[in-house]
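This report covers a domain arrangement, a ligand shell, a few strands and one helix. The sequence and structure come first.

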Amino acid sequence: MASPRPAVLVARQAPAAVLARLHAEFDVDLNEPDVVLPRPELLQRLQGKLACMITGSERIDAELLDACPELRFVSTVSVGFNHIDVPACTARGVVVTNTPDVLTESTADFGFALMMAAARRMSEGERMLRDGRWQRWSWDLLAGADVHGATLGILGMGRIGQAIARRGHHGFGMPVIYHNRSRLDAATEAAVGARYVSQDELFAEADHLILVLPYSPAVHHLVGAQQLALMKPTATLTNVARGGIVDENALVAALRAGRPGAAALDVFEGEPQVNPALLTLPNTVLTPHIASATIKTRTAMAALAVDNLLALVSGRPPLTALNP
Ligand code: DGY
């Protein structure tokens with residue numbers, strides 16, 4: 001008799017062609033409605049599953065692992081993994097994989113676009129036009145800050161940070177400054193045209209500052225009143241990392257005080273809920289966590305998550321494991 005196929009929970013929808021490859025090897029329990037499973041249902045649906053394919057919306061922690069002892073593989077369709085307790089997984093022999101690289105360029109595109117939208121007041125302009133408040137051309141109507149030639153600041157100089165630096169340096173003639181846990185080697189700095197500075201210098205000198213560092217409790221509210229007060233009144237702050245890095249109440253107060261001049265946020269502390277004050281401020285550009293959302297990139301992310309599961313189930317090493 002053939003041995004039973006391994007079971008996998010696919011917690012959120014993914015492209016059908018990608019999932020078809022999973023169906024070939026696994027018994028797939030797909031959460032068809034594509035809503036975030038409430039925690040009790042997630043625990044219940046994980047019973048007897050060898051693997052799960054999740055997104056940033058499902059939390060994998062010690063409690064869940066202990067309640068689902070048959071779970072051996074966790075494949076997240078995201079590069080960020082702050083929703084997974086990797087040490088707890090490792091301690092229980094659970095392999096965790098994520099989807100780096102395939103989203104780097106799309107996320108960098110979006111970060112750059114958000115920064116430009118904030119600098120050039122695009123959302124304000126669109127809201128004015130749609131609301132019927134545009135009355136005439138005038139020389140200073142929604143006049144913003146230049147992007148070309150301005151100083152681009154990057155906090156977190158991993159793959160996405162470097163891709164943003166390349167855009168600024170090569171495409172827009174921007175001097176690039178950055179701060180990171182560890183400094184890049186000289187050749188990489190030269191290739192992306194970036195200069196290492198202290199964190200305070202970064203906040204004080206950047207005309208446009210982009211956050212692309214990974215979230216961990218160590219960087220919770222790293223961007224608070226003190227750092228924001230260092231920024232120029234004409235500067236913009238863009239966040240395509242994780243909402244928890246920014247103290248949103250401090251940001252609201254800072255934006256009201258006009259320092260920085262504008263913020264562009266794709267991620268929020270309590271998403272999908274958004275701090276109502278941010279919604280009322282004219283100098284914000286707000287998007288619903290879509291920095292990696294192109295069809296091509298999201299398909300590539302799902303494909304890599306599936307490739308990892310197929311490798312694991314056939315005894316091959318995973319392509320992008322997070323366990324040490
Ligand atoms: C990621 O890949 O981490 C993005 O934020 C999507 O969750």
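Two residues are counted as in contact if their C-beta atoms, placed from the backbone, lie within 7 Å. The model is predicted, and on that criterion five residues of domain 1 are in contact with seven residues of domain 2. The side of domain 1 that touches domain 2 comprises one nonpolar, three polar and one charged residues. The domain assignment gives domain 1 as 7-102 + 295-313 and domain 2 as 104-286. Their C-alpha centres are 31 Å apart.

**Ligand shell**

Around the ligand stand Gly56, Ser78, Val79, Gly80, Leu103 and Ser292. By class, this shell has two nonpolar and four polar residues, and no charged ones.

**Strands β1, β3 and β4**

Strand β3 (residues 51-54) pairs with two strands, as listed here.

| Pair | Sense | Bridges | Opposed residues |
|---|---|---|---|
| β1 (residues 7-10) and β3 | parallel | three bridges | Val10 and Met53 |
| β3 and β4 (residues 73-76) | parallel | four bridges | Ala51 and Phe73 |

In a regular strand, side chains alternate between the two faces of the sheet. In β3, Ala51 and Met53 lie on one side, and Cys52 and Ile54 on the other. These four residues are all buried, so that both faces of β3 are covered. Met53, on one of these faces, is the residue opposite Val10. Ala51, on the same side as Met53, has Phe73 of β4 as its bridge partner.

**Helix α5**

Helix α5 spans residues 104-119 and has 16 residues. From first C-alpha to last it reaches 22 Å, close to the 22 Å expected at 1.5 Å a residue. The buried residues of α5 are Ser106, Thr107, Ala108, Phe110, Gly111, Phe112, Leu114, Met115, Ala117, Ala118 and Ala119. Just after the helix, Arg121 has a positive phi of about 55°.

**Thr287**

Thr287 belongs to the loop between β12 (284-286) and α13 (295-313). Is Thr287 buried or partly exposed? Thr287 counts as partly exposed because it has 17 C-beta neighbours inside 10 Å, whereas a buried residue needs 20 or more. Leaving aside residues up to four places away in sequence, Thr287 touches Leu114 and Asp266. Leu114 is one of the buried residues of α5. Val267 is 20 residues from Thr287 along the chain, and the C-alpha atoms of Val267 and Thr287 are separated by 7.6 Å.

Note on methods:
Residues are numbered from 1 along each chain as its sequence is written. This is a predicted model: local features need pLDDT of at least 70, side-chain atom pairs count only at pLDDT 80 or more; totals for chains, interfaces and linings use all residues. A residue is near a molecule or strand if its C-beta atom, placed from the backbone, lies within 6 Å of it. Ala, Val, Leu, Ile, Met, Phe, Trp, Tyr, Cys and Pro count as nonpolar, Asp, Glu, Lys and Arg as charged, and the others, Gly among them, as polar. Domain bounds come from an automatic or database domain assignment. The expected span of a helix is 1.5 Å times one less than its number of residues. A residue is buried if 20 or more other C-beta atoms lie within 10 Å of its own, exposed if 12 or fewer, and partly exposed in between; C-beta atoms are placed from the backbone. Two strands pair if DSSP finds at least two bridges between them.
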